[in-house]
Amino acid sequence: MATELLFRGDAYLRTAQARVTGVTARGIELDATIFYPLGGGQPGDTGVLARANGDRIVIADTRKGDAIDSVLHIPAPASPSPEIGETVGLEIDWARRYALMRLHTALHVMSCVVVAPVTGGNIAPDKARLDFDIDMSLLDGGKIERETNALIARGVETETVWITDEELDARPELVKTMSVQPPRGAGRVRLLRIPGIDLQPCGGTHVRNIAEIGGIRVLRIRNEGRRNRRVEIALAS
Ligand SMILES: [Zn+2]
């Protein structure tokens with residue numbers, strides 16, 4: 001069953017209420033959620049579903065279900081189970097999610113400093129990376145750090161825009177990430193625009209203003225194979 005994805009309209013929602021629409025061995029489904037499901041290199045959210053009787057169901061992970069926009073909230077082992085139809089309070093681990101949002105948005109900025117096809121990427125609460133198809137000699141950690149931080153210092157607001165599948169097909173240059181094609185089939189594709197810096201398809205959660213990233217540090221640059229030169233970053237503070 002489709003879930004209303006509240007984080008798409010407002011990535012800053014820390015709590016919400018929703019009705020339980022499904023309970024299976026794979027996870028709990030709700031009619032609406034603030035929990036982001038694993039995708040696009042961003043991990044699934046963790047948190048709690050609070051029942052009216054005081055039970056707190058710890059959510060250890062969030063994954064996409066089989067249907068478009070279906071979301072599975074995966075309880076920790078031995079958690080109490082909710083009933084279909086009941087209303088629960090949703091609480092995400094905000095400190096973790098906000099770190100993911102800052103690092104995720106930082107990767108968008110960094111992908112504009114390193115001009116090369118992106119062959120992979122991953123985000124964790126404490127660090128994030130992009131892999132590029134580029135010659136090692138062209139990657140200078142100090143330069144990447146300085147130029148990324150100079151863009152972050154512009155402090156521009158991010159914007160979400162939607163285009164149709166056909167519009168995206170007509171502009172293949174928008175897709176930088178060779179390993180992660182934007183989701184198709186819903187008829188429209190969500191883009192993140194950082195005015196003057198970046199525009200690319202992305203379904204993840206981002207900060208409102210890139211100034212919230214603060215700044216980044218390049219942790220290391222590693223050769224992970226011919227087409228995977230890995231640049232790993234962390235937040236500067
Ligand atoms: Zn993104």
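1. Let me start with Ala78, which sits in the loop between S7 and strand S8 (87-92). In this predicted model, its phi is near 70 degrees, a positive value in a residue other than glycine. Ala78 is also exposed, with a relative accessible area of 84%, so it clears the 50% cut-off for that label.

2. A companion case is Asp69, in the loop between strand S6 (56-64) and strand S7 (71-75). Here too phi is positive in a residue other than glycine, this time near 60 degrees. Asp69 is partly exposed, at a relative accessible area of 29%. If you are checking backbone geometry, you have both loops in front of you.

3. On to the overall picture. The protein has four helices and 15 strands. Its C-alpha trace spans about 60 × 40 × 35 Å along the principal axes. For 237 residues, a compact globule would have a radius of gyration near 18 Å, and the value of 19 Å found here agrees with that. Of these 237 residues, 50% count as buried. Among contacts with a separation of 6 or more, 65% are between residues 24 or more positions apart.

4. Now the sheet I would look at with you. Four strands form an open sheet in the order S9-S10-S15-S14, with antiparallel pairing. Its edges are strand S9 (118-123) and strand S14 (216-223), each of which pairs on one side only. On average, neighbouring strands of this sheet are turned by 15 degrees against each other, direction ignored. Within the sheet, strand S10 (residues 128-132) and strand S15 (residues 229-235) are joined in the antiparallel sense by five bridges. One residue to pick out is Phe132, whose bridge partner in S15 is Arg229.

5. Two helices deserve a look alongside those strands. Helix H2 (residues 94-113) packs on the sheet and touches S9, S10, S14 and S15. The direction of H2 makes about 135 degrees with that of S15. Helix H3 (residues 141-152), for its part, lies across S14 and S15 and runs at about 145 degrees to S14.

6. What about the interior? As a general point, nonpolar side chains tend to be buried together in soluble globular proteins. In this model the largest nonpolar core has 48 residues, and those with the most contacts inside it are Leu49, Phe132, Ile213 and Ile233. H2 supplies the largest share of this core, nine residues. Apart from it lies another core, of six residues, including Val161, Ile163, Leu168 and Val189.

7. Ile213 is worth a closer look. Which residues does Ile213 contact, leaving aside its neighbours within four places in sequence? They are Arg102, Thr105, Ala106, Val109, Ile152, Val207 and Leu235.

8. Last, the cysteines. How many disulfides does a search of the whole structure find? The count is zero. Cys112 is in no disulfide, and the nearest cysteine sulfur, that of Cys202, is 12 Å away; a disulfide would need the two sulfur atoms within 2.5 Å, so this pair does not qualify. The two residues also fall on either side of the 20% cut-off for burial: Cys112 counts as partly exposed at 22% relative accessibility, whereas Cys202 counts as buried at 14%.

Notes
Residues are numbered from 1 along each chain as its sequence is written. This is a predicted model: local features need pLDDT of at least 70, side-chain atom pairs count only at pLDDT 80 or more; totals for chains, interfaces and linings use all residues. Side-chain values use heavy atoms; hydrogens and water are left out. Buried means under 20% relative accessible area, exposed over 50%, partly exposed in between (1.4 Å probe, protein chains only). Two strands pair if DSSP finds at least two bridges between them. Axes are lines fitted to C-alpha atoms, for helices over the stretch in contact, and angles run from 0 to 180 degrees between N-to-C directions. Contact means heavy atoms within 4.5 Å. A nonpolar core is a set of buried Ala, Val, Leu, Ile, Met, Phe, Trp, Tyr and Cys residues joined through side-chain atoms within 4.5 Å. The radius of gyration is taken over C-alpha atoms; the globule rule is 2.2 Å times the number of residues to the power 0.38.
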